[in-house]
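I opened this model to go through its sheets and helix contacts. My notes follow in the order I looked things up.

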Amino acid sequence: MRVRARNPSPLTLDGTNTYVVGGWVVDPGPALPSHLAAVRRFANHGIEGVVLTHSHADHSEGAEQLGAPVTLPADGEVVGPFRGLGTPGHSPDSVCLLMGRVCFTGDTVLGEGSVFIAPGEGSLTAYLESLQRLRSLELEVLCPGHGPYVWDPAAKLDEYISHRLDRERRLVEALESGLSTEDELLDAAWSDVPAELRGAAALTLAAHLEKLREEGRLPPT
């Protein structure tokens, strides 16, 4: 059962998705009293445990208020009906939770739009590796931290990987043409991003530049 928190924003889309699976709660979301009350109603036989996909507040803030053990599993760790799959990139501690062919993705894959990767905390190199790891699995549905269910996981993951590589290609072309300022690079490679997300795009640009620097692919200055 999906319970959506009322915390919409450009980055959280229509709000954070919390999932109630039997007696388990995945990503309890923000500490909004109305949201936590709804989670408790759906978990009408009691909450056995709370499992997180990562520690960002919009996913984890309400965890301690549900009166059950809270776990952010490591790669391969089994918690209740879930097995953790390490998928760093959006954050260093990001994991996906596998339950058979169902995958709870947190902020690694969203139901719509792309994932925010900031330099420092995030890593575009790790993120692409995580997407490839998910793509190698035979999954039936992705249950994202924001947005609708994804019923064609392979197509969505192919789209995500292609999107990131296309951004990188456009950025490299811009750099090779002599563009260098943040605004020039955003106009060249993120021209489709709406104004309210330009700040997030600037951080994603920095993450791409960090990846190219690590790979020795930045043009000489």
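**Entry 1: helices around α6**

I started with two helices. Helix α4 (residues 153–176) and helix α6 (residues 198–214) have axes that come within 11 Å and cross at roughly 75°. That crossing makes α4 roughly perpendicular to α6. I note that the model is a predicted one.

Next I listed who meets whom. From α4, the contact takes in Arg164, Arg167, Glu168, Leu171, Val172 and Leu175. They meet Thr204, Leu205, His208, Leu209, Lys211 and Leu212 of α6. Sorted by class, this α4 contact with α6 has 6 nonpolar, 2 polar and 4 charged residues.

Then I turned to helix α5 (residues 182–189). Its axis and that of α6 come within 10 Å, with a crossing of roughly 100°. Angles of 65 to 115 degrees count as roughly perpendicular, and α5 and α6 therefore stand roughly perpendicular to each other. On the α5 side I found Glu182, Asp183, Leu185, Leu186 and Asp187. They meet Arg198, Ala201, Ala202 and Leu205 of α6. This contact of α5 with α6 divides into 5 nonpolar, no polar and 4 charged residues.

**Entry 2: sheet β1 to β5**

I traced one open sheet of 5 strands. Its order is β1-β2-β3-β4-β5, and the pairing is mixed. Which strands stand at the edges? They are β1 (2–4) and β5 (70–71). Each has a single partner strand, so one side of each is left without a neighbour in the sheet.

Helix α1 (residues 33–42) packs on this sheet. I see α1 touching β1, β2 (17–21) and β3, and its direction makes about 165° with that of β1. Inside the sheet, strand β3 (residues 24–26) and strand β4 (residues 49–51) run parallel, joined by 3 bridges. Valine 25 has valine 50 in β4 as its bridge partner.

I then picked one residue of α1, histidine 35. Is histidine 35 buried or exposed? Buried means under 20% relative accessible area. Histidine 35 has 4% relative accessibility, so I count histidine 35 as buried. Leaving out residues up to four places away in sequence, histidine 35 touches Val3, Arg4, Ala5, Thr18, Pro28, Gly29 and Pro30.

**Entry 3: sheet β6 to β10**

I traced another open sheet of 5 strands, ordered β6-β7-β8-β9-β10 with mixed pairing. Its edge strands are β6 (78–79) and β10, each pairing on one side only. β6 pairs with strand β7 (residues 82–86) in the antiparallel sense, over 2 bridges. Opposite valine 78 I found arginine 83 in β7.

Helix α3 packs on this sheet, where α3 touches β7, β8 (95–99) and β9. The direction of α3 makes about 140° with that of β7.

At the other edge, β10 and strand β9 (residues 102–106) pair in the parallel sense over 4 bridges. Here cysteine 103 stands opposite leucine 142 in β10. Following the chain, I noted that β9, helix α3 (residues 124–135) and β10 make a right-handed β-α-β unit.

Last, I checked the faces of β10 (residues 141–144). Which of its residues are buried? Val141 and Cys143 on one side are buried, and so are Leu142 and Pro144 on the other. Both faces of β10 are covered.

Notes
Residues numbered from 1 in each chain as written. Predicted model: local features only at pLDDT ≥ 70, side-chain atom pairs only at ≥ 80, totals over all residues. Heavy atoms only, no water. Buried < 20%, exposed > 50% of the residue type's maximum accessible area, 1.4 Å probe, protein only. Pairing = 2+ DSSP bridges. Right-handed = clockwise from strand over helix to strand, strands pointing away. Axes fitted to C-alpha atoms, helices over the stretch in contact; angles between N-to-C directions. Parallel < 35°, antiparallel > 145°, perpendicular 65-115°, else oblique. Contact = heavy atoms within 4.5 Å. Nonpolar A, V, L, I, M, F, W, Y, C, P; charged D, E, K, R; others polar.
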